Amino acid sequence: MGANETEMPLRVAVVGSGPAGFYAAGALLAADPPAEVDLIERLPTPWGLVRLGVAPDHPKIKSVSKAFERIAERPGFRFLGNVEVGRDLMHEDLLDLYDAVVYCVGAQSDRHMGIPGEDLPGSWPATVFVAWYNGHPDHQHFQFDLSGERAVVIGNGNVAVDVARMLALTPEELAPTDTTDAAIKAIGNSGIREIVMIGRRGPVQAAFTNPELLELGELAGADVIVDPADLELDPASAAALEGDTNAERNLEVLREYAARKPEGKAKRLVLRFLRSPVVLEGDGRVEAVELVRNRLEPDGRGGLRAVATDERETLTAGIVFRSVGYRGVALPGVPFDEERGTIRNVGGRVLDEQGAPVPGVYAAGWIKRGPSGVIGTNKKDATETIGLLLEDDREGRLPRAGKTADDVDALLDARGIRRVVHAGWSSIDATERAAGEKLGRPRVKLVTWDELLACAETLAAESA
């Protein structure tokens, strides 16, 4: 039955409240007629990586949350935080309760390097460190030993740049951010004097964007060091440079860094290219990284791949952060492509094992396309998915469930699920902002589950 053939509005569960989830919700709420949307989130707080992944010293990027708050104020929107799909609600429950489900759960795991010593203590996924300094309640028990003189960051994307920059920031640079107090103290008291960022390919292939690279040259407490020899391009890289504006700008900035005379700042941030880790060494914990020098060869698909040479070197290191990519995690009952680390789909329509669309099931964001693009990329991505969902509804392809918000609440109540609604999140938000205002910071985050849930429920009790 299509949307115009029933008095009940289209009801959709959007799972995951990061950018893709909010953009999907916004497109559904703006439809004609508008749908009703329950935005289901495992954490008590929304916004995904905007809250817990974007570097704390990038407040302008975080300001996209204002658009998300406008979406949350529209009629027909509900936030259901502290509700985990796969634990509190299963995929089958969502199919029973909603006319359609859109999975926007991102890429929650890190890719592995597959080298000896990768799991030694002191070797960390960059994702864990980022979540820790951003106040993710699942990651506050971790302790990072920053006492060594050298930290190695493996990877050449924006997350690697963020980690390297955060390690290099002075206490004065960290003070006005929403970095957690524990992280500000740990980074401020660290013994790290050199941060080495390792890229397996050359500067032309680096995945970081130009604004992030430029920021490294403005650090108050760290000289940026680049070896001019690393910037000598092979013919294929020189050819690939033509027409790639970001790579051209990056190379220009890197050449400027290479020409700089170090000022003798307290820390050195060293960018190295055409190197790959082959072993993490240490007795009981990471003590060194063995690197192999690479050369670039055509990969047969129009790109260049790194191929190891016989040249090796060993860097002592007290801590290693692995930033070689994110990977999606499978949800029980939802078709998953293990090779790509995404939900199996075409354009956002989820496909079963035979390649046929699963009625009423969709995906958007990183779990749909893989971990690529910037925050704004998810808007186009989510709009594409919701366009297909609405088309399916018009064509009568959605299995209308005939359930209401009351049915959802009844099931959650029966299972004893404490959920954080939008008013509860608003209480958390106001409390954090008020604490930050006193200190000249955007917010001081509540960082434990108990604190977050207690704050959310305080408002609910007062409103009752």
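A residue is called buried here when its relative accessible area is under 20%. With that in hand, the tour of this predicted model can start at strand 10, which spans residues 267-272. This strand is mostly covered, with 5 of its 6 residues buried.

Strand 10 also has company. Strand 8, made of residues 194-198, pairs with strand 10 in the parallel sense, and 5 bridges link the two. Within this pairing, Ile-195 sits opposite Leu-269 of strand 10. Strand 9, covering residues 222-226, pairs with strand 10 too, again in the parallel sense and over 5 bridges. Here it is Val-226 that faces a partner in strand 10, namely Leu-271. In general, the strands of a sheet are held in pairs by backbone hydrogen bonds, and the pairing may be parallel or antiparallel.

The antiparallel kind turns up further along the chain. Three strands form an open sheet in the order 11-12-13, and their pairing is antiparallel. Strand 11 (275-281) and strand 13 (304-316) take the edge positions; each has a single partner strand, so one side of each lacks a neighbour in the sheet. On average, neighbouring strands of this sheet are turned by 25° against each other, direction ignored. Strand 11 and strand 12, the latter running over residues 288-298, are antiparallel and joined by 6 bridges. One of the facing pairs is Leu-280 with Val-289, the latter in strand 12.

Next come the helices, beginning with helix 7. Of the 11 residues in this helix (residues 158-168), 9 are buried, so helix 7 is largely enclosed by the rest of the structure. The buried set is Ala-160, Val-161, Asp-162, Val-163, Ala-164, Arg-165, Met-166, Leu-167 and Ala-168.

What angle do the axes of helix 6 and helix 7 cross at? Helix 6 (residues 126-133) and helix 7 have axes that come within 10 Å and cross at roughly 55°. Angles between 35 and 65 degrees fall in the oblique class, which is why helix 6 counts as oblique to helix 7. As for handedness, helix 6 passes helix 7 in a left-handed crossing. On the helix 6 side, the contact is made by Ala-126, Phe-129, Val-130 and Tyr-133, while helix 7 brings in Val-159, Asp-162, Val-163, Met-166 and Leu-167. Sorted by type, the residues of this contact comprise 8 nonpolar, no polar and 1 charged. Asp-162 of helix 7 thus appears twice in this account: among the buried residues and in the contact with helix 6.

How values were computed. Residues are numbered from 1 along each chain as its sequence is written. This is a predicted model: local features need pLDDT of at least 70, side-chain atom pairs count only at pLDDT 80 or more; totals for chains, interfaces and linings use all residues. Side-chain values use heavy atoms; hydrogens and water are left out. Two strands pair if DSSP finds at least two bridges between them. Helices (H or I, at least four residues) and strands (E, at least two) are DSSP runs, numbered from the N terminus. Axes are lines fitted to C-alpha atoms, for helices over the stretch in contact, and angles run from 0 to 180 degrees between N-to-C directions. Buried means under 20% relative accessible area, exposed over 50%, partly exposed in between (1.4 Å probe, protein chains only). Angles under 35 degrees count as roughly parallel, over 145 as roughly antiparallel, 65 to 115 as roughly perpendicular and the rest as oblique. A crossing is left-handed if the near helix is turned anticlockwise from the far one by less than a right angle, and right-handed if clockwise. Contact means heavy atoms within 4.5 Å. Ala, Val, Leu, Ile, Met, Phe, Trp, Tyr, Cys and Pro count as nonpolar, Asp, Glu, Lys and Arg as charged, and the others, Gly among them, as polar.
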